[in-house]
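Take a walk through this structure with me. Please keep the sequence and the model side by side as you read.

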Amino acid sequence: MTLITIREKTQTDENTYEAELSFDNGSQYPITVKNPFSDKQEKTLEWYFEKYSNFPFIKQVEFAQAAASVPRYGEDLFEQVFSHRRA
């Protein structure tokens, strides 16, 4: 199984990090990772993962929007991490 390592190097601003990506402790590839969502979208995800299960019978529209945003969030982060095509 391949070991994928992501090491944070510096935080360039509140939502952006410079990091290094490596496979099996081999060559290191520079990457930049940014928070793909706005603060409002982050709060919605926080509510979805931390509070919705306590009251699943309320805020059905917000639940549907938050649930639909999870794949987009993950795909955006994946694309950022693996954007270095030589890696």
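Aspartate 24 sits in the loop that links S2 and S3. The model is a predicted one. Aspartate 24 is not a glycine, yet it has a positive phi of about 50°. Its relative accessible area is 47%, so it ranks as partly exposed. Asparagine 25 belongs to the loop between S2 and S3 as well. Its phi is also positive, at about 55°, and asparagine 25 is not a glycine either. With 54% relative accessibility, asparagine 25 counts as exposed. The cut-off explains the two labels: exposed means over 50%, and partly exposed lies between that value and the buried limit of 20%.

Now step back to the whole chain. The protein has 87 residues, and 21% of them count as buried. Its secondary structure consists of two helices and three strands. Read from the N terminus, the order of elements is β-β-β-α-α. About 6,400 Å² of the protein is exposed, and carbon and sulfur atoms supply 53% of that area. Consider the contacts in the protein with a separation of 6 or more. Residues 24 or more positions apart make up 32% of them.

The sheet comes next. Strands of a sheet pair through backbone hydrogen bonds, and the pairing can be parallel or antiparallel. Here three strands form an open sheet, ordered S1-S2-S3, with antiparallel pairing. Which strands stand at the edges? They are S1, residues 4–13, and S3. Each has a single partner strand, so one side of each has no neighbour in the sheet. On average, neighbouring strands of this sheet are turned by 25° against each other, with direction ignored.

Look at the pairing of S2 and S3. Strand S2 covers residues 16–23, and its antiparallel pairing with S3 runs over seven bridges. Glutamate 18 gives a place to find this on the model: it stands opposite threonine 32 in S3.

Serine 22 is another residue of strand S2. Is serine 22 buried or exposed? Its relative accessibility is 2%, so it counts as buried. Which residues does serine 22 touch, leaving aside its neighbours within four places in sequence? The contacts are Leu3, Ile4, Thr5, Arg7, Ser27 and Gln28.

Proline 30 gives a view of strand S3, which spans residues 28–34. This proline counts as exposed, because its relative accessibility is 58%. Its C-alpha atom is separated by 9.7 Å from that of isoleucine 6. Along the chain, proline 30 and isoleucine 6 are 24 residues apart.

Turn to the nonpolar residues. The largest nonpolar core is made of five residues: Ala19, Leu21, Ile31, Val33 and Val81. Strands S2 and S3 each supply at least two residues of this core.

Helix H2 runs over residues 60–81, and glutamine 80 lies in it. Glutamine 80 has a relative accessible area of 13%, so it is buried. What does glutamine 80 contact, leaving aside its neighbours within four places in sequence? The list reads Ile31, Thr32, Val33, Lys34 and Pro36. Two names recur from the core: Ile31 and Val33. Threonine 32 has appeared before too, as the residue opposite glutamate 18.

The aromatic rings complete the tour. A pair of aromatic rings is described by the distance of the centres and the angle of the planes. This structure holds three aromatic pairs. One of them joins phenylalanine 78 and phenylalanine 82. Their ring centres are 4.7 Å apart, and the planes make an angle of 45°, which is a tilted arrangement. The two residues carry separate labels for exposure. Phenylalanine 78 is exposed, with a relative accessible area of 51%. Phenylalanine 82 is partly exposed, with a relative accessible area of 21%. Again the cut-offs set the labels: over 50% is exposed, and under 20% is buried. Which residues form the aromatic cluster? Phe23, Phe78 and Phe82 form it together.

Conventions
Residues numbered from 1 in each chain as written. Predicted model: local features only at pLDDT ≥ 70, side-chain atom pairs only at ≥ 80, totals over all residues. Heavy atoms only, no water. Phe/Tyr/Trp six-rings, centres within 6.5 Å; stacked < 30°, edge-to-face > 60°. Buried < 20%, exposed > 50% of the residue type's maximum accessible area, 1.4 Å probe, protein only. Helix = DSSP H or I, 4+ residues; strand = E, 2+ residues; numbered from the N terminus. Contact = heavy atoms within 4.5 Å. Areas by Shrake-Rupley, 256 points an atom, 1.4 Å probe, with all protein chains shown as cover. Pairing = 2+ DSSP bridges. Axes fitted to C-alpha atoms, helices over the stretch in contact; angles between N-to-C directions. Core = buried A, V, L, I, M, F, W, Y, C linked by side-chain atoms within 4.5 Å.
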